[in-house]
Amino acid sequence: MTSDNDRRRGLLARLRGRPVARSRGRRRLGAAVRLAAALMLAGGAYTVFAPGAQAQDNPPLSAAANEGKALFDVSCVTCHGRNGQGVEGRGPSLNGVGSAAVEFQVSSGRMPMARQEAQAQRKPAQFTDEQVRQLGQYIQELGGGPQVPQGNLREGANLSTGGELFRINCSQCHAFGAGGGALSSGKFAPSLKPASDRQIYAAMLSGPQNMPVFGDNQITPEQKADIIAYIQETLKHDQDQGGFNLGRYGPSTEGLAIFLVGIVALVFTSLWIAGKS
């Protein structure tokens with residue numbers, strides 16, 4: 001009798017438990033459906049708004065930059081990559097170098113390089129000034145970087161200050177007369193005589209080859225103007241009041257000349273004294 005009652009109670013308990021189990025299953029199924037719907041809604045929102053965000057991060061190129069891109073894809077892409085990211089063993093990345101580096105390298109004919117060397121040689125430019133500007137604008141909009149300001153780069157310059165700054169920061173490599181000098185591993189500091197105002201300014205901003213970068217924190221724009229004015233108005237037009245300039249290569253040639261002249265003078269003086277005695 002007791003066992004029959006127990007069976008009935010167990011059966012009733014199981015029957016009562018089925019709706020509870022079913023309701024739990026329905027709740028779980030509903031939660032899964034709601035989660036899937038939320039994920040689909042989030043994916044749809046991302047699909048709708050992501051292109052707009054990407055368009056804001058990568059704005060369209062200006063007309064000048066588009067012209068520069070066309071030139072870049074023909075003349076530069078082999079060494080510097082399709083998006084200026086560089087090609088290993090051929091050319092470095094151009095992201096972040098700015099239009100200043102492009103202006104210096106391209107306007108001075110150093111780029112495109114004829115062949116891989118320790119240092120790019122100056123040669124006649126292969127692009128017009130307008131094309132150089134367009135190439136620089138493309139690289140500027142591609143990755144940003146330093147730019148050469150427009151206008152007169154020597155305005156308000158002080159030649160005396162420029163000479164002092166040049167002797168402190170530039171003469172060690174370019175020599176006191178701006179004639180250039182040899183460096184290690186086949187590299188050299190070039191002569192500044194053929195350089196224009198903008199090329200000198202761009203070189204200070206970009207630091208080509210072994211040259212250090214002289215940003216506005218190291219040498220202010222006003223000091224850059226002083227240096228440019230000193231190079232262009234003094235070093236390039238110096239009349240060498242001291243006499244023969246010996247190529248303006250600095251103390252090396254001067255010391256050699258003094259040694260040779262001095263030794264010859266001493267020898268002849270010694271022979272003259274010996275002959276007199």
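# Exercises on contacts and backbone geometry

With a relative accessible area of 16%, Asp197 counts as buried. The salt bridges that share partners join this residue, Asp197, with Arg154 and Glu233 into one network. The exercises below refer to a predicted model.

## Exercise 1: the overall frame

Describe the secondary structure of the protein and state which share of its residues is buried.

Step 1. The secondary structure comes to 10 helices and 2 strands, and along the sequence these elements follow the pattern α-α-α-α-α-α-α-β-β-α-α-α.

Step 2. Of the 277 residues in the protein, 28% are buried, while the accessible surface comes to about 18,000 Å², with 58% of that area belonging to carbon and sulfur atoms.

Step 3. Among contacts with a separation of 6 or more, 60% are made by residues 24 or more positions apart.

## Exercise 2: three salt bridges

The structure holds 7 salt bridges; for the pairs Asp73 and Lys69, Glu103 and Arg198, and Arg154 and Asp197, work out where the partners lie and how accessible they are.

Step 1. In the salt bridge between Asp73 and Lys69, the closest N and O atoms are 3.0 Å apart. Both residues belong to helix α2 (residues 63-75), where a spacing of 4 residues corresponds to about one turn of the helix. Asp73, at 26% relative accessibility, is partly exposed, and Lys69, at 28%, is partly exposed as well.

Step 2. Glu103 and Arg198 meet through their side chains with an N to O distance of 2.5 Å. This pair links distant parts of the chain, since Glu103 lies in helix α4 (residues 98-107) and Arg198 in helix α8 (residues 197-206), 95 residues apart. The two partners fall on either side of the 20% limit for buried residues: Glu103 is buried at 16%, whereas Arg198 is partly exposed at 23%.

Step 3. For Arg154 and Asp197 the N to O distance is 2.7 Å. Because Arg154 sits in the loop between α5 (129-143) and α6 (159-169) while Asp197 is part of helix α8, the salt bridge ties together parts that are 43 residues apart in sequence. Arg154 has a relative accessible area of 26% and is therefore partly exposed, in contrast to Asp197, which is buried at 16%.

## Exercise 3: the packing of α2 and α5

Are α2 and α5 roughly parallel or roughly perpendicular, and which residues make the contact?

Step 1. The two helices pack with their axes 7 Å apart and at an angle of about 100°. Angles from 65 to 115 degrees count as roughly perpendicular, so α2 is roughly perpendicular to α5.

Step 2. On the α2 side, the contact is made by Ala64, Ala65, Glu67, Gly68, Lys69, Leu71 and Phe72, and on the α5 side by Gln131, Arg133, Gln134, Leu135, Gln137, Tyr138, Ile139 and Glu141.

Step 3. Gln134, a residue of helix α5, is buried, with a relative accessible area of 12%. When neighbours within four places in sequence are left aside, Gln134 is in contact with Ala64, Ala65, Glu67, Gly68 and Leu71.

## Exercise 4: a nonpolar surface patch

Identify the residues that form a nonpolar patch on the surface, and place Ile263 within the secondary structure.

Step 1. The patch consists of Leu256, Phe259, Leu260, Ile263, Val264, Leu266, Val267, Phe268 and Leu271, which together have about 920 Å² of accessible area.

Step 2. Ile263 lies in helix α10 (residues 251-276), and its relative accessibility of 39% makes this residue partly exposed.

## Exercise 5: backbone details in the loops

Locate the cis peptide bond at Pro112, and assign Ala175, Ala178 and Lys193 to their loops.

Step 1. The peptide bond running from Met111 to Pro112 is cis, with omega near 0°, and Pro112 belongs to the loop between α4 and α5.

Step 2. Ala175 has a positive phi of about 75° although it is not a glycine; it is found in the loop between α7 (171-174) and β1 (181-182) and is buried at 9% relative accessible area.

Step 3. Ala178, also in the loop between α7 and β1, has a positive phi near 65° and counts as buried at 2% relative accessibility.

Step 4. Lys193 is found in the loop between β2 (188-189) and α8 and is partly exposed at 43%. The C-alpha atom of Lys193 is separated by 7.1 Å from that of Gly179, which is 14 residues away along the chain.

Key: Residues are numbered from 1 along each chain as its sequence is written. This is a predicted model: local features need pLDDT of at least 70, side-chain atom pairs count only at pLDDT 80 or more; totals for chains, interfaces and linings use all residues. Side-chain values use heavy atoms; hydrogens and water are left out. A salt bridge is a side-chain nitrogen of Lys or Arg within 4 Å of a carboxyl oxygen of Asp or Glu. Buried means under 20% relative accessible area, exposed over 50%, partly exposed in between (1.4 Å probe, protein chains only). Patches are made of residues with over 30% relative accessible area and no salt bridge: like charges are joined within 9 Å, nonpolar side chains (Val, Leu, Ile, Met, Phe, Trp, Tyr) within 5 Å. Accessible areas come from the Shrake-Rupley method with a 1.4 Å probe; for residues, only the protein chains shown count as cover. Axes are lines fitted to C-alpha atoms, for helices over the stretch in contact, and angles run from 0 to 180 degrees between N-to-C directions. Angles under 35 degrees count as roughly parallel, over 145 as roughly antiparallel, 65 to 115 as roughly perpendicular and the rest as oblique. Contact means heavy atoms within 4.5 Å.
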